[in-house]
Every structure is written in C-alpha cells, then in structure tokens.
Amino acid sequence: MKTQGCFTWRRPDAGAIVWAKYTLPIPSLELAERLRAEHSVLIVPGMQFGVENFIRFGIGGLPDSLMTALDRTQELIRTLE
C-alpha cells in the first residue's frame, strides 16, 4: 500500500484501474461531480460500487493525459484538505 496526502492505494496487479481510498470530508459522488464540472476530470465514485471514500482512476490512457488529470485533481483536493 502507498499513501500520499489524503490517498491510500495499491498498484494494480493487472489492468488499468486504480482504486484509491481518501480521507477528505466529501462524499465520493460529490467529489466525482466537482472534478467533472470544475476540472474536466472523469473518475468513478466508490459509492457506485457500494464503498464510500474511494474513487476509481483509469490509468490506461496516454501518460500526459493522466498527469494533467492528476494535476487537476490535486487542485481540487487542496481546497478540501
């Protein structure tokens, strides 16, 4: 397990999806909606799978696109910590 800031995750054994647990005071659906609306980042909220305080990142795209999305995510996270 790796931890950085408010996130804890484990590198996937296979595939292009990372589940990340977070410790922010915001429900996963609201976090996902704010990322989409305010930062043009799409993630899947954990509540869609019955687990709150988790989000699912797709990491199989182009590295530059992933880094841009992570930077944008960090912008919102900083306002919530």
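Ser40 sits in the loop that runs between helix 1 (28-39) and strand 4. In this predicted model, the phi of Ser40 is positive, at about 55 degrees, although the residue is not a glycine. Ser40 has a relative accessibility of 59%. Exposed means over 50%, so Ser40 counts as exposed.

A second residue with a positive phi is found in another loop. Asn53 lies between strand 4 and strand 5, and its phi is near 65 degrees, again in a residue other than glycine. How exposed is Asn53? With a relative accessibility of 25%, Asn53 counts as partly exposed, a class that lies between the cut-offs of 20% and 50%.

The loops described above lead to strands of a sheet. This sheet is open and has five strands, in the order 1-2-3-5-4, with antiparallel pairing. Which strands stand at the edges? They are strand 1 (2-4) and strand 4 (44-45). Each of these has a single partner strand, so one side of each is left without a neighbour in the sheet.

Strand 5, which follows the loop holding Asn53, covers residues 54-58. In the sheet order, strand 5 stands between strand 3 and strand 4. Strand 3 is made up of residues 17-22, and its antiparallel pairing with strand 5 runs over five bridges. Within strand 5, Ile55 is the bridge partner of Ala20.

Key. Residues numbered from 1 in each chain as written. Predicted model: local features only at pLDDT ≥ 70, side-chain atom pairs only at ≥ 80, totals over all residues. Heavy atoms only, no water. Pairing = 2+ DSSP bridges. Helix = DSSP H or I, 4+ residues; strand = E, 2+ residues; numbered from the N terminus. Buried < 20%, exposed > 50% of the residue type's maximum accessible area, 1.4 Å probe, protein only.
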